[in-house]
Amino acid sequence: MPSLPINAGGLLMQTLSQYLNTQTLAVVAALGALLTALVNYHQGRIAARAHKAQIYLEFSARYNAPEIAVALQALVDWRRKYGDAFAAVFHTKFQAQDAEAVQVNFHRRTANAYFIDVANAYRAGVVSRPFARLAIDHPGASVWRYIADPMSIALYENAKSDWLPTLLKIDRHFGARGLF
């Protein structure tokens, strides 16, 4: 039987020890990388939530601004003053540059800007459907749907509303609650 060199057992143990140290280091490095990935994922989710909250706060501040309240009230007043013919009267008076119609057009555009911006953000994928639903679920939605949008359609000579289908996709009851 051949005999092992005197140092062979020690060399084998040293090689085995180096191998195990290398493997241990590789496992520790892999666990460190996994932990780093999990922390980064969690931080990304926190940042995404913070960004969504910021967007919501911006939409909320816009809707709650005094200009929106004034615009929505002016549109309701116009509708009450001119009855069912409010959109046609608006078109005629605006074409003649009637001062009252010009002012009401400013209010129409103010109301349009908010709801159209929510629809655009949803269309672009910037906000989710539940988020957009929350942003448009206001009493002013009925003013936009039943007053501002028909006025826009009349103003642009019966052009079809591009925004109502999107807003109804976000919330099928859009504008049906809180009727003026």
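How much surface does the protein expose, and what share of it do carbon and sulfur atoms supply? About 11500 Å² is exposed, with carbon and sulfur atoms supplying 63% of it; accessible areas come from the Shrake-Rupley method with a 1.4 Å probe, and for residues only the protein chains shown count as cover.

A word before the exercises. This is a predicted model, where local features need pLDDT of at least 70 and side-chain atom pairs count only at pLDDT 80 or more, while totals for chains, interfaces and linings use all residues. Residues are numbered from 1 along each chain as its sequence is written, and side-chain values use heavy atoms, leaving out hydrogens and water.

**Exercise 1. Sketch the fold.**

Task: work out how many helices and strands the protein has, and what share of its residues is buried.

Step 1. Count the elements: there are seven helices and zero strands. Helices (H or I, at least four residues) and strands (E, at least two) are DSSP runs, numbered from the N terminus.

Step 2. Read along the sequence and you get α-α-α-α-α-α-α.

Step 3. Of the 180 residues, 32% are buried. Buried means under 20% relative accessible area, exposed means over 50%, and partly exposed is in between (1.4 Å probe, protein chains only).

Step 4. Now take the contacts (heavy atoms within 4.5 Å). Among those with a separation of 6 or more, 71% join residues 24 or more positions apart.

**Exercise 2. Find the core.**

Task: say which helices supply the largest nonpolar core, and which of them gives the largest share.

Step 1. Get the term straight: a nonpolar core is a set of buried Ala, Val, Leu, Ile, Met, Phe, Trp, Tyr and Cys residues joined through side-chain atoms within 4.5 Å.

Step 2. The largest such core has 38 residues, and Leu-75, Phe-90, Tyr-114, Phe-115, Met-151, Leu-167 and Phe-174 are those with the most contacts inside it.

Step 3. At least two core residues come from each of α1 (8–63), α2 (66–82), α3 (86–95), α4 (99–123), α5 (129–136), α6 (140–155) and α7 (164–170). The largest share, nine residues, belongs to α4.

Step 4. Zoom in on Met-151: leaving aside residues up to four places away in sequence, Met-151 touches Leu-75, Trp-78, Phe-86, Ala-87, Phe-90, Val-104 and Arg-108.

Step 5. Then look at Ser-152, which sits in helix α6 and counts as buried at 10% relative accessibility. With the same sequence limit of four places, Ser-152 touches Arg-108 and Asn-112.

**Exercise 3. Pair up the rings.**

Task: describe the aromatic pairs Tyr-63 with Tyr-114 and Phe-115 with Phe-174.

Step 1. The structure holds 12 aromatic pairs. Rings of Phe, Tyr and Trp (its six-membered ring) pair if their centres lie within 6.5 Å; planes under 30 degrees apart count as stacked, over 60 as edge-to-face and the rest as tilted.

Step 2. Tyr-63 and Tyr-114 make a tilted pair, 5.4 Å centre to centre with 55 degrees between the planes. Tyr-63 lies in helix α1 and Tyr-114 in helix α4, so this pair ties together parts 51 residues apart in sequence. Both Tyr-63 and Tyr-114 are buried.

Step 3. Phe-115 and Phe-174 are edge-to-face, at 5.8 Å centre to centre and 65 degrees between the planes. Phe-115 is in helix α4 and Phe-174 in the segment after α7, 59 residues apart. Phe-115 and Phe-174 are buried too.

Step 4. Put it together: ring pairs link Tyr-56, Phe-59, Tyr-63, Tyr-114, Phe-115, Phe-131, Trp-144 and Phe-174 into a cluster.

**Exercise 4. Track the charges.**

Task: list the salt bridges and say how exposed the partners are where that is known.

Step 1. A salt bridge needs a side-chain nitrogen of Lys or Arg within 4 Å of a carboxyl oxygen of Asp or Glu; the structure holds three.

Step 2. Asp-117 meets Arg-62 at 2.7 Å, N to O. The pair links helix α4, home of Asp-117, with helix α1, home of Arg-62, 55 residues apart. Asp-117 is partly exposed at 30%, and Arg-62 is partly exposed at 32%.

Step 3. Lys-81 meets Glu-100 at 2.9 Å, N to O. Here helix α2 holds Lys-81 and helix α4 holds Glu-100, 19 residues apart. Lys-81 is exposed at 52%, whereas Glu-100 is partly exposed at 30%.

Step 4. Arg-79 pairs with Asp-84, with the closest N and O atoms 3.1 Å apart; Asp-84 is exposed at 71%.
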